[in-house]
Amino acid sequence: MQTKRTVFGNRLLPYALLLPQLAVTVVFFLWPAAQAVLQSFQREDAFGLSTTWVGLTNYADLLSDPTYLNSLKVTAIFAPAVTLLSVGLGLIFAASLDRLARGSRVYAALLVWPYAVAPAIGGIMWWFLFNPTIGLLPYLLAMVGYRWDHALQPTDAMILVVIAASWKQVSYNFLFFMAGLQAIPKSMIEAAAIDGAGPVKRFFTIVFPLLSPTTFFLAVINLVYAMFDTFPVIHATTGGNPAQSTNILVYKVFVDGFIGLNLGSSAAQSVVLMAIVVALTVIQFKWVERKVTY
Amino acid sequence: MSAIEIVAVSKVYAGGVRAVSDVSLAIADGEFIVLVGPSGCGKSTLLRMIAGLESISSGTVAIGSRVVNEVDPAARNIAMVFQNYALYPHMSVYDNLAYGLRNRGVPKADIDARVAEAARMLEIQPFLDRKPKQLSGGQRQRVAMGRAIVRKPDAFLFDEPLSNLDAKLRVSMRGEIRQLQRRLGVTSVYVTHDQLEAMTLADRIVVLNSGRIEQVGRPLDVYHTPASTFVASFIGSPAMNLADAEVAGGCVAIGGREVASGVTGIADGKLTVGLRAEDIQPAASGAGVPFAVRYIEELGAQRLVHGSVEGRHLTMALSPDLPLADEIRVTVAADRLHFFDAESGRRMARPAHAPAGR
């Protein structure tokens, strides 16, 4: 095998060229991460004057903390719900558009728009739409006899944050599924049609299996998104309330650390989150590359 | 098995492009029809209208005695072999073959038997458990054929099935398709741009040009009596030589030089004359017309000599045994000439003669 290698005359030049990127990575990722790991083994007094080494106490406390266990449970509902909703809707939209003969470009453009909206603004928009006093949706729900109040009802609050968090993600998933659908040769669909499979059967026996690598990739990406990137959505809508019912892990890190100023516990929580992200990334690379192929 | 009746079929795309115009064709039960023409001539569109993958703008297509214009592809009971094979990549070869049968609710034991029979016929039994991507091009082609066979359809539709194979495999698969079709006796419509495939496979060739039928006929009839200059230049390799000529009193002149005489049944005037490469023969010195040799293609069994007569480019096929000079003299028998209208390019009938070249 031939590989083309560029050789630098100066030995330091390659390192100099890498330095800006490395500096950004070190300052904004590695250093804070290391600090979090360090802090997770420490306890600080309320005024930040003294720091004590406490070993694994912070982690042990987490496991016996009912609010943390609740947050785990909330995340275990929230993240899969967001993933299911956004991946599902993305697939439905892409599949519908694929069958559309005319105007599909216009629809595609419109469907991609939400992705350009900042998450916090998206959150506010849904907060308005679902606002119990001035919102449009509670007004409509009241007509069918449902009294919507996400400020008091944990279920309503969860539905709100799931919808608000999924909304812009649908665009992202839609784009991937569109690309995936376009990669399926038209003749394969025609062959299936001649083989006596109707549109629904074709979708489930041919199209969906061929999209499985895309689907798996998106499932992992969306899971990671729902667990770690949904802070602005929660912050702009429910703030983790009512009664901790939407206080997902990443939001609890913020609340405990920056509002409660319990830095040790907050750091331990972020280290746990970091471990989850690493695990998901490993799964993605192991599976997407090898297992989910046809 | 059944006949296919195409009556005045047209295809007009949104935007007014006429891909197929007013095509009528009666295909007999068990017949092997090859649609041939250059790309964009509408041959694939016509095939796809028979399959039901393309709507029919006007006219009717009937399979058996049933008009199928509004019938789904699935309900037409046809099978199609695609250029890219269109095998389902996530299914084993067995499942690829069984898919169409399962969709139609054929009992499991029956499916097993039919897949086994098709696999035996195509010699793909060892691959039944493999995925398509583990197969070579030729094996995939066989699987695609197998998928068509197991269904026991009324008709096979082939859309350039051999164009993705290398030259050698193409020749052997061509032979297999022909034998298989003979054995099964299923009506077949085969689309290709390769005139050689058309000549070797077809019971009847349909030559299409710009969405219209130029000529329908048995391969040798099309070869020996092409209906137009288009067919003459498309069918046969090398293509038929065509040259502007003038006929006066039974004498044919190219560029003012008389090349043949004693032609009957053709009115005097300007026209296009066609000569097959193998009909031009070297003449004894002093006889015939001078032929300036430009270059030679050696094909082994024969030798294609490209040159010109009076500035008109001509190709002739000679035996390699004949010695060559820079200028040779050639002659052509009057009854081997083809005459086409100079304007329309249509063949001119020669009532005094039987079809030329038998």
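**Cores, faces and contacts in a predicted model**

Student: What do the buried residues of helix 5 of chain A pack against?

Tutor: They pack against helix 7 and helix 11 (231-237) of chain A. Keep in mind that this is a predicted model.

Student: Which residues of helix 5 are the buried ones, and what makes them "buried"?

Tutor: Helix 5 spans residues 119-129 of chain A, and its buried residues are Pro119(A), Gly122(A), Gly123(A) and Trp126(A). The word applies when 20 or more other C-beta atoms lie within 10 Å of a residue's own, so each of these four meets that cut-off.

Student: How do you know where on helix 5 of chain A its buried residues sit?

Tutor: Look down the helix axis: the buried residues of helix 5 of chain A fall within an arc of 100 degrees, so they line one face of the helix.

Student: Which residues touch the most other members of the largest nonpolar core?

Tutor: That core has 140 residues, and Val34(B), Leu35(B), Met80(B) and Leu157(B) touch the most other members. Helix 7 of chain A (residues 154-182) gives the most to this core, with eleven residues.

Student: Why is this core said to lie between domain 1 and domain 2 of chain B?

Tutor: Domain 1 (4-229) and domain 2 (240-341) of chain B both give residues to the core, so it lies between them. As for the domains themselves, their C-alpha centres are 39 Å apart.

Student: What does Met80(B) touch, and what makes that a contact?

Tutor: Leaving out residues up to four places away in sequence, Met80(B) touches Ala191(A), Ile194(A), Ala51(B), Ala148(B), Leu157(B) and Asp159(B). A contact requires C-beta atoms within 7 Å, so each of those residues has its C-beta inside that limit from Met80(B).

Student: How many residues of each chain are in contact with the other chain?

Tutor: 15 residues of chain A are in contact with 17 residues of chain B. Helix 8 (186-194) and helix 9 (199-210) of chain A each supply at least two residues of the chain A side. The largest share of that side, six residues, comes from helix 8 of chain A. By class, the chain A side has ten nonpolar, two polar and three charged residues.

Student: And what is chain B built from?

Tutor: Its secondary structure comes to eight helices and 20 strands. Chain B has 358 residues, and 39% of them count as buried. Along the principal axes, its C-alpha atoms fill a box of roughly 80 × 45 × 35 Å.

Notes
Residues numbered from 1 in each chain as written. Chains lettered and ligands numbered in written order. Predicted model: local features only at pLDDT ≥ 70, side-chain atom pairs only at ≥ 80, totals over all residues. Core = buried A, V, L, I, M, F, W, Y, C linked by C-beta atoms within 7 Å. Buried ≥ 20, exposed ≤ 12 C-beta atoms within 10 Å, placed from the backbone. Domains from an automatic or database assignment. Contact = placed C-beta atoms within 7 Å. Arc of directions from axis to C-beta. Nonpolar A, V, L, I, M, F, W, Y, C, P; charged D, E, K, R; others polar.
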